[in-house]
Amino acid sequence: MADRLPYNSDPETHVTEEAAEVIHAICKAKRFGWLNYPPGGSSTCTNLDYTLEEISQLEWGIIRLKMKLQKLLEEKLDV
């Protein structure tokens, strides 16, 4: 998770990648259970924990994107 965060990418890419991760996490949790661990036994967090982490990363991406869009809007209005 943390080693592949797209924080250095543009906000648009960050949001689209994290949105996909949230969708994947929700599907996995619905399939295997929120309080269960992902199949394979290599994870140390439950599907619930993983989904919450992915949502947090998506929220940060949305904040970045919103800031970028607000700046573009302000620049447009100053023209």
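Me: Buried means under 20% relative accessible area, exposed means over 50%, and partly exposed lies in between (1.4 Å probe, protein chains only). Why is Glu12 called partly exposed?

Reply: Glu12 has 31% relative accessibility. That falls between the two cut-offs, so partly exposed is the class. One caution: this is a predicted model, where local features need pLDDT of at least 70, side-chain atom pairs count only at pLDDT 80 or more, and totals for chains, interfaces and linings use all residues. Residues are numbered from 1 along each chain as its sequence is written, and side-chain values use heavy atoms, with hydrogens and water left out.

Me: What makes Lys68 and Glu12 a salt bridge?

Reply: The rule asks for a side-chain nitrogen of Lys or Arg within 4 Å of a carboxyl oxygen of Asp or Glu. Here the N to O distance is 2.9 Å, so the pair qualifies. Lys68 sits in helix α2 and Glu12 in helix α1, so the bridge ties together parts 56 residues apart in sequence. The structure holds one salt bridge.

Me: Why does Lys68 count as partly exposed?

Reply: Its relative accessibility is 32%.

Me: What makes α2 a helix?

Reply: A helix is a DSSP run of H or I, at least four residues long; a strand is a run of E, at least two; both are numbered from the N terminus. Helix α2 covers residues 47–78, and α1 covers residues 11–32. The chain has two helices and zero strands.

Me: Why is Asn47 called buried or exposed?

Reply: Asn47 is buried, because its relative accessible area is 0%. Under 20% is the test.

Me: What makes the Asn47 side chain a polar partner of Gly33?

Reply: A polar contact is a pair of N or O atoms within 3.5 Å; within protein, one must be able to donate a hydrogen and the other to accept it, and residues adjacent in sequence count only if both atoms are side-chain atoms. A polar atom of the Asn47 side chain lies 2.8 Å from the backbone oxygen of Gly33. Asn47 is also in contact (heavy atoms within 4.5 Å) with residues including Phe32, Trp34 and Tyr37.

Me: What makes Leu52 eligible for the nonpolar patch?

Reply: Patch members need over 30% relative accessible area and no salt bridge; nonpolar side chains (Val, Leu, Ile, Met, Phe, Trp, Tyr) are joined within 5 Å, like charges within 9 Å. Leu52 has 49%, so the area test is passed. Ile26, at 32%, passes too. The patch, about 520 Å², also includes Trp34 and Ile55.

Notes. Areas by Shrake-Rupley, 256 points an atom, 1.4 Å probe, with all protein chains shown as cover. Lists of a residue's contacts leave out its neighbours within four places in sequence.
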